[in-house]
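Colleague: May I ask you a few questions about this model?
Modeller: Certainly; let us look at it together.

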Amino acid sequence: MLQKDKRYIYTLAFFYSMLIIIIVSIPAFFYVSIEKKSYKQSQMQSMEHYAYGVEKSIYDFSRTNKHVFHFPRSLFYAACLYDFQGKEIFTTNARLCKANLLDANKDTFLEKRINLGSNRLQAASLVILKEFSYKGIYVKALISALFLGSIIFFMTLFFIKISQRPLERVNRYLKIFFNDAMHELKTPLGVMQLNIELLRSREENRVLKRVYNSMQSMILIYEDIEYHIKHTHVTYYPEKIDFSRFLQSRIDVFADMADVKNIMIHTQIDDHISLQINRIELQRIIDNTLSNAIKYSPKHTRIVVKLYKEGSSVIFSVEDQGIGIKDTKKIFQRYEREDNIQGGFGIGLDIVRHICDKNDITINVYTKLGKGSKFSYEFS
């Protein structure tokens, strides 16, 4: 599986999981609200039980002749006794009792206040306190959400991968088929090219020229499909290329195709311009640009091919007097064609865009409907 496909699957699984979590979070919100209320009530009940126990102990002590009162202590609650003037008589946690008096936000404490009757401690009120927060509930909700989200994510990932297996199998069979088909086509195409060139060397006529041009179109399509199939798993290493000579050799190949339509190819190619790029990738850029210029140009027009240096950059451009382009962005999309009548698979410029993106080549397209187009490539 390609890295791009893996990213797509993981992204799809992530967003699908997030969608489910968002849907589930609506009832979960109400559940947490109920849980918070229930938790507070249970804490209050427990604290009230302790408070009434302390109150009972005070009254029991008041009915005895004992001289020492053993205050019932708790690890969970703080107790404060106040006299009739509001002064503190006794506390099990001075810090908490003082904080409760100073804190205006009572939500940080649970408080149970009991007004006492007559007792030997001269206490007017009993206050039971406990520091309180919903942190435990929030942590539990967060852990539950993460656990549920992880389960949903991995289950989604699993089912997506399972559902992808038939498609992957079909793609694998198609790839094997196309590789075998391309291999089988290469030999007859080579034989045809050799024999046609041999016939042309002996005799030149219009029929042979048309056959040769048709064969060149087939080779161009073949090479585009071959690159399209191989570029995902074959590494095309850069090499030093004499761009000037290489470009002229490709123009010579397309000269006959242009001649059939009486199109003149005018060249302005500076000498000794070299580039560090893969030869096959550079050929795909040149061939697709030249073939499109010839294909979409009317008869008896001119194509201008330029190659020159501009600062530290190398500029290669092809300008035609063709029909122009309606949408310059759309033409670089796979299987898109500006004119269906002209034929083709619509992958040529998609391949060019891919190669340019890979090699940091800037593409500029200038066009005017009915006047022509200019494709310019800036090699940094």
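Colleague: Why are α4 and α7 oblique to each other?
Modeller: The axes of helix α4 (residues 206-230) and helix α7 (residues 348-358) cross at roughly 50 degrees and come within 10 Å. They are therefore oblique, being neither under 35, nor over 145, nor 65 to 115 degrees. The model is predicted, with pLDDT of at least 70 required for local features and 80 or more for side-chain atom pairs, while totals use all residues. Residues are numbered from 1 along each chain, and side-chain values use heavy atoms, without hydrogens or water.

Colleague: Which residues of α4 and α7 make the contact?
Modeller: From α4 come D224, Y227 and H228, and from α7 come G348, I351, H354 and I355. Contact means heavy atoms within 4.5 Å.

Colleague: Changing topic, how many bridges join β10 to β11?
Modeller: Eight bridges join strand β10 (residues 361-368) to strand β11 (residues 372-379), and the two run antiparallel. One of the bridge pairs is I361 with F379 of β11. The two strands form a hairpin with three residues between them. In its turn, G370 has a positive phi of about 80 degrees.

Colleague: And V32, is that buried or exposed?
Modeller: V32 lies in helix α1 (residues 3-62). V32 counts as buried because its relative accessibility is 19%, and the cut-off for buried is under 20%.

Colleague: What does V32 touch?
Modeller: Leaving aside residues up to four places away in sequence, V32 touches I137 and A141. By contrast, V32 and D271 are 76 Å apart in space, C-alpha to C-alpha, and 239 residues apart in sequence.

Methods
Axes fitted to C-alpha atoms, helices over the stretch in contact; angles between N-to-C directions. Helix = DSSP H or I, 4+ residues; strand = E, 2+ residues; numbered from the N terminus. Pairing = 2+ DSSP bridges. Buried < 20%, exposed > 50% of the residue type's maximum accessible area, 1.4 Å probe, protein only.
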